[in-house]
Amino acid sequence: MAYGSDEELRHLFRRAGFGTGPAEIEVYRDMRPRDLVPMLLGFEDVPDTVDAKIGQPDYARVMVRGEFKPNTSITDARQRWLFRMLHTERPLQEKLALFWHNHFATAYSKVAGAYGSSDGTRLLAAKASEDPVRQEGQVELIRRMCLAPFDELLVAMAKDPAMLIWLDGRFNTRARPQENFGRELMELFTMGVDLYVEADVYAAARVFTGWNLRRTTAGAGDPSPKYEFTYNSAQHDTTAKTFSFPVYPDGGRTIPARSAADGIEDGLDLIRAVASHPDTARRLASRLYGYFVSEINAPDQRFIDELAATYLQSNLSLRALVGRLLRSEPFADPANYFTRYSWPVEFAIRAVKELGWIGFNVNDIVNALVNMGQQLFEPPDVAGWELGAGWISSGAMLARANFASTLTSNQRTNLLATARPHGQTADTLLAFMLDRLSPAPFEPRAYDDLRAYVTSAAWTGSDTQIRNKAAGLAHLILGSGEYVFV
């Protein structure tokens with residue numbers, strides 16, 4: 001059963017952001033969704049002022065334990081990121097930051113285990129502008145470079161201090177080459193499994209020997225060490241490295257022997273090679289298709305090839321690739337609406353955006369996400385979270401329903417004010433709630449169950465009845481299987 005309005009607009013913001021609240025719909029209603037894509041892609045032109053709104057009235061709250069310290073407290077860092085997702089005017093930037101956070105999956109627990117909870121948080125979440133020694137956390141780096149040329153993003157990640165800890169690059173020396181980063185570079189970050197052989201892993205380990213981590217302090221009494229990439233030429237393997245796939249445009253497969261001083265070029269050559277590989281182009285196109293278009297409807301291979309060609313012909317531009325995807329016919333096709341399983345964080349932020357946040361505390365999302373199967377800054381392993389139907393289990397659905405209960409209880413009074421003008425009949429209230437929350441269309445039997453709930457007593461339209469029924473409908477809709485999909 002179809003219902004609702006502004007579906008093209010809602011679809012765009014469910015996919016290129018985290019949904020739309022009523023105020024956003026009013027702002028963008030008169031614009032064609034296709035015309036909004038340049039604005040979403042050009043987020044650098046939009047002032048990034050969202051963090052300054054933390055603690056202000058009319059925005060969601062954060063839990064403050066003494067002082068709010070998102071640069072050094074991982075719980076506060078999680079709250080800050082959720083607040084950004086909820087209130088940002090750069091929704092595509094946050095949506096891409098989440099995508100790359102999973103792609104370059106790096107877990108706080110290991111980083112904090114190496115250097116403590118405070119520095120572990122700094123290495124993953126610190127804003128350089130707020131850090132005493134301008135330490136930039138990994139997710140801040142990702143946010144800044146989420147549409148950069150892919151080879152540049154890979155180089156930045158190879159040098160990222162949290163990544164050097166996570167994949168043990170800090171221990172990669174000439175005498176004992178460390179294979180973790182080289183393996184994941186080829187298998188997870190670029191070409192994919194079966195596109196390399198074990199000999200390539202050892203060669204890649206040697207390529208990155210000397211790509212290490214340096215920890216310095218500004219001086220006596222300075223409590224904030226600086227963690228940064230260092231190329232340790234004395235620890236670089238200077239011999240030639242041969243791969244099973246082409247490294248250079250002329251088909252050459254051997255990175256030549258170089259002096260230790262020039263050895264950093266080995267890693268840059270390999271990164272450029274795997275970033276430019278045709279299978280990397282197709283793999284990125286496929287993953288971004290699944291993230292932005294559909295996990296249920298398989299893509300036409302010709303479309304994936306077209307996306308891959310856009311990437312390769314634009315000098316590995318992620319901006320060109322994502323832009324082509326968001327402007328594509330498959331993206332706009334109504335057959336692809338609601339054909340992605342929402343990640344827990346997507347589900348929670350969308351629910352708050354659509355239902356309301358005044359008086360709501362984002363710390364309640366932090367706690368609920370653990371039971372839903374996703375904790376920001378804590379992917380389960382190097383492969384990231386299991387996506388698609390992997391998000392859904394009886395326990396995860398119960399956790400989503402419990403979060404829906406928490407949110408609707410919190411918003412019950414606020415919801416009354418917005419629902420009252422639509423409370424003439426049970427049917428007008430139901431239509432309002434379905435339009436406000438924009439779930440996937442319910443099948444007739446499920447729709448009838450919702451209607452039976454709201455018509456279970458004679459309709460009077462009193463404030464008490466509207467308050468209770470609107471909140472009850474919100475709970476049922478947000479906790480439904482239909483709301484799982486975006």
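This passage looks at aromatic pairs and at charged ends over rings in a predicted model.

Aromatic pairs turn up 24 times in the structure. Take F13 and Y28 to begin with: their ring centres lie 5.2 Å apart and the planes meet at 20°, so this pair goes down as stacked. The two partners come from separate helices, with F13 in α1 (residues 7-15) and Y28 in α2 (residues 22-28), and the pair thereby links distant parts of the chain, 15 residues apart. Both ends are tucked away from solvent by the numbers. F13 has a relative accessibility of just 3% and therefore counts as buried. Y28 comes in at 17%, and because the cut-off for buried is under 20%, Y28 is buried too.

W81 and F377 make another aromatic pair, this one tilted, with 5.5 Å from centre to centre and 50° between the planes. Here the link between distant parts of the chain spans 296 residues. W81 belongs to helix α4 (residues 74-87), while F377 sits in the loop between α19 (363-372) and α20 (394-419). As for exposure, W81 and F377 are both buried.

Rings also have charged company in this model, with an arginine and a lysine as examples. The charged end of R400 is placed over the ring of F347, at 5.0 Å from the ring centre. In the case of K469, the ring underneath belongs to Y453, and the charged end lies 4.2 Å from the centre of that ring.

Notes:
Residues are numbered from 1 along each chain as its sequence is written. This is a predicted model: local features need pLDDT of at least 70, side-chain atom pairs count only at pLDDT 80 or more; totals for chains, interfaces and linings use all residues. Side-chain values use heavy atoms; hydrogens and water are left out. Rings of Phe, Tyr and Trp (its six-membered ring) pair if their centres lie within 6.5 Å; planes under 30 degrees apart count as stacked, over 60 as edge-to-face and the rest as tilted. Helices (H or I, at least four residues) and strands (E, at least two) are DSSP runs, numbered from the N terminus. Buried means under 20% relative accessible area, exposed over 50%, partly exposed in between (1.4 Å probe, protein chains only). A charge sits over a ring if NZ of Lys or CZ of Arg is within 6 Å of the ring centre and within 35 degrees of the ring normal.
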